[in-house]
Amino acid sequence: MLLFSRLKIGIFAAVAAILTLAACTVTPLESTGRSGSKVAKGISFLEPSSRIDQKVRNAVIDLVGKSDPEPRFAFLLNVKKQSAGTAIAAGSGEALVGKVTLIATFELTDIDQGSTVASGQRTATVTYDRSVSQEYANDRAEGDAETRAARALALKLRPVLLQAK
C-alpha cells in the first residue's frame, strides 16, 4: 500500500513538472512574436542632436525596435526640455518639488514618396523631490526625472509609429 501511494506521488510530481515546463517559453530578445512585438519594420530613426533627444530616441527604440537597414520611413524627432520648481519652502524660498516637461516635435516621412505620414507634438511631464541643501542629489533627481519623462514620451509616440505600415 505504501508503494502504491509513493507511485501516485511520483506520477503526480512528474505530470506537474511536465506541465510547468510546457508553460515556459524562450524567445529571442529582439523577438517579433506576440508578447514582444516590434513595430519598427521599415523605420529609420534619425540621429539625435542632443542628450534629451538621445534619451527619448532610446526609449522609443526600446519600445518598437531598432532601425531597419532598408527603411521605408524616416522618423525625425526634436525634443525640448523645460524645468521648474513647483512647491516653495516657507522662509527659504527654495523649491521642494521640481517639474520636468519634455516637448517632442516629430515627423514621420515616407522616404520613397517624400510625403509626411504623420507629424505633431507630444508632451510628458514628471515631478521629482528636491533637497534644500544637497545640490548633487537635486541634479541626480532631475536626471532621473528626465529619464522617466523620456519613457512616458516614448509611450505617447509609439502609436504614431504604428501608422508606418
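**Notebook: surface patch, salt bridges and cavity**

Entry 1. I looked first at the surface and found that Leu 7, Ile 11 and Val 15 form a nonpolar patch, with about 270 Å² of accessible area together. The model is predicted: local features need pLDDT of at least 70, side-chain atom pairs count only at pLDDT 80 or more, and totals for chains, interfaces and linings use all residues. Residues are numbered from 1 along each chain as its sequence is written, and side-chain values use heavy atoms, with hydrogens and water left out.

I noted the terms. A patch is made of residues with over 30% relative accessible area and no salt bridge; like charges are joined within 9 Å, and nonpolar side chains (Val, Leu, Ile, Met, Phe, Trp, Tyr) within 5 Å. Accessible areas come from the Shrake-Rupley method with a 1.4 Å probe, and for residues only the protein chains shown count as cover.

I then placed Val 15 in helix α1 (residues 2–23). Helices (H or I, at least four residues) and strands (E, at least two) are DSSP runs, numbered from the N terminus. Val 15 is partly exposed, at a relative accessible area of 42%. The classes are buried (under 20% relative accessible area), exposed (over 50%) and partly exposed (in between), with a 1.4 Å probe and protein chains only.

Entry 2. I turned to charged pairs. Side chains of opposite charge can pair when their charged atoms come close. The structure holds six salt bridges, each being a side-chain nitrogen of Lys or Arg within 4 Å of a carboxyl oxygen of Asp or Glu.

I looked up Lys 81 and found a salt bridge with Glu 142, in which the closest N and O atoms are 2.8 Å apart. This pair links distant parts of the chain, since Lys 81 is in strand β2 (residues 73–88) and Glu 142 in helix α3 (residues 135–162), 61 residues apart. Lys 81 also meets Glu 146 in a salt bridge (2.5 Å, N to O). Glu 146 lies in helix α3 and Lys 81 in strand β2, so this pair ties together parts that are 65 residues apart in sequence.

I compared the classes of the partners. Lys 81 is partly exposed at 33% relative accessibility, whereas Glu 142 is buried at 16% and Glu 146 is buried at 2%. Leaving aside residues up to four places away in sequence, Glu 142 touches Lys 81, Ser 83, Val 100 and Tyr 128; contact means heavy atoms within 4.5 Å.

Entry 3. I examined Asp 144, which forms a salt bridge with Arg 140, the closest N and O atoms being 3.5 Å apart. Both residues lie in helix α3, four residues apart, about one turn of the helix. Asp 144 is partly exposed at 41%, and Arg 140 is partly exposed at 42%. I also recorded that salt bridges sharing partners join Arg 51, Lys 55, Lys 81, Glu 142 and Glu 146 into one network.

Entry 4. I searched for enclosed space and found one cavity of 30 Å³ or more. A cavity is a set of points, on a 1 Å grid over the protein atoms alone, where a 1.4 Å probe fits but cannot get out; lining residues have an atom within 4 Å of a point. Grid points are joined across faces, edges and corners, and a volume is the space filled by probe spheres set on the points.

The largest cavity holds about 60 Å³ of space. Its lining includes Phe 45, Asp 53 and Phe 75. Helix α2 (51–64) and strand β2 each give two or more residues to the lining, and α2 gives the most, with three residues.

Notes. On a 1 Å grid over the protein atoms alone, a cavity is a set of points where a 1.4 Å probe fits but cannot get out, and a pocket is an open set with protein on both sides within 12 Å along at least five of seven lines; lining residues have an atom within 4 Å of a point.
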